[in-house]
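Trainee: I should like to go through the charged contacts in a protein model. Could you guide me through them?

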Amino acid sequence: SYHSTAVLEYSQVGVCCGFLLNQHYNPAFVSLQMMKHAWDNYKRYAWGLNELKPISKQGHSSNLFGNIQGATIVDALDTLYIMEMKEEFKEAKEWVEKSLDFSVNADVSVFEVNIRFVGGLLSAYYLSGEEVFRKKAVELGEKLLPAFNTPTGIPWALLNIKSGIGRNWPWASGGSSILAEFGTLHLEFVHLSHLSGNPVFAEKVMNIRKVLNRLDKPEGLYPNYLNPSSGQWGQHHVSIGGLGDSFYEYLLKAWLMSDKTDEDAKKMYYDAVQAIETHLIRKSSGGLTYIAEWKGGLLEHKMGHLTCFAGGMFALGADGAPSDKTGHHIELGAEIARTCHESYDRTRMKLGPEAFRFDGGVEAIATRQNEKYYILRPEVIETYMYMWRLTHDPKYREWGWEAVEALEKHCRVDGGYSGIRDVYINHENHDDVQQSFFLSETLKYLYLLFSEDDLLPFEHWVFNTEAHPLPVLHKDDGNKEENQK
């Protein structure tokens, strides 16, 4: 069992809102208590459904999962295990054994089902060794394979799991698939091949790379849209936030997960970072570094909350950068972390908006009503965790603690944790959804931020984009698996 050496010695303390960061509280313990509050309420009011509505105290189902149920359970498995919530983990495992059912007649998001369900099951298997998780992961992986039945092998965004018929989002440029969606299957599918002995999963995702490598990249950048029939780019929009983000993350992590043998992924990642630096990274007049969005050569000076993951990514990749660039990549990570912290600090609630701008005289502030919401997203805390692990600068723990206090003050309700519709006003206008990724990512990254580095150390584990830890595959692992069969 993975024991954090941040000893949780405060189990007798009644925990409520508005903690102070002092010797009386162990912050890792506080994030465990937050997990307990989120989980207990999900169990009480929405057990077996996808997510919880914490104000109405009932279940919430997103159409992303079609009719597959239990997203919060599968997404939270590894967090429960890591936090040593043994009873809760046992109940969750029993539910997976008896009730997790993939034979649904509805369209699911291939990307969301992969990162939450496949990723969650793989991680639970690797941490606990329980065979049921491996079996379910491979079963679900097999059900997703028809998504790749396109002329190019670039998968559809949506798949009817029963009929095997795929399609793309109607709003995506000319019937395109989306970079962040088809580019965020690699880690899980390589592990599916590793655990099943069936090479088809890895072959499908390696083919995606081949298609991308053959294409001309405008200014070395990857547009967000690619047509799966023609194999050509759609609109030349580029983003390191939504629609693009985790594609870049998975290039770096594919290399790290391969025990640094996947040279192709490494080259694609560092080339992409160079193009991003040249064309997208800018400094505001107030000295804040941000990553703009690129629309056919024109920059939009806006950065999404999702883009804030990139601070942690740059720092994580610093070690493999050309030797004269290592310090520069860490510095870039630190700069993005600071900008994202400012986006939190400049709101009333000290929680970051969905997107913030650097134009019209504002910096790191949301100017449009539809960008002022916060849905319990993890990306800023994720970057704090990576920056802490890689630099041990205490400000990252302080910033993480500010986020804990803000979450407790504004998002915690009797029935769990809720997102907020406007982080710039004085009173909470809750959105009434406790996202499954709050348990999978936000609370896990907080716990890791306040734990010792030997809990899921980076040399042995790589986190998928939903914060599910997957082991680094060492060169001899394949033979080992074969011998065990």
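Trainee: Which glutamate does arginine 357 meet in a salt bridge?

Mentor: This is a predicted model. In it, the side chain of arginine 357 forms a salt bridge with that of glutamate 300, at 3.2 Å from N to O.

Trainee: Where in the chain do the two residues of that pair lie?

Mentor: Arginine 357 is in strand E14 (residues 355–357) and glutamate 300 is in strand E12 (residues 298–300). The pair links distant parts of the chain, 57 residues apart.

Trainee: Is arginine 357 buried or exposed?

Mentor: Arginine 357 is buried, because its relative accessibility is 2%. Glutamate 300 also counts as buried, with a relative accessible area of 17%, since the cut-off for buried is under 20%.

Trainee: Now to another pair. What does aspartate 453 bind to in a salt bridge?

Mentor: Its partner is arginine 389, and the closest N and O atoms are 3.7 Å apart. Aspartate 453 sits in the loop between helix H15 (436–449) and strand E17 (461–463), while arginine 389 belongs to helix H13 (residues 379–391), so the salt bridge ties together parts 64 residues apart in sequence.

Trainee: How accessible is aspartate 453, and how accessible is arginine 389?

Mentor: Aspartate 453 is partly exposed at 27% relative accessibility, whereas arginine 389 is buried at 8%.

Trainee: And which residues form a network of salt bridges?

Mentor: Glu51, Glu112, Arg116 and Glu466 are linked in such a network.

Trainee: Finally, how many salt bridges does the structure hold?

Mentor: It holds 26 salt bridges.

Key:
Residues are numbered from 1 along each chain as its sequence is written. This is a predicted model: local features need pLDDT of at least 70, side-chain atom pairs count only at pLDDT 80 or more; totals for chains, interfaces and linings use all residues. Side-chain values use heavy atoms; hydrogens and water are left out. A salt bridge is a side-chain nitrogen of Lys or Arg within 4 Å of a carboxyl oxygen of Asp or Glu. Helices (H or I, at least four residues) and strands (E, at least two) are DSSP runs, numbered from the N terminus. Buried means under 20% relative accessible area, exposed over 50%, partly exposed in between (1.4 Å probe, protein chains only).
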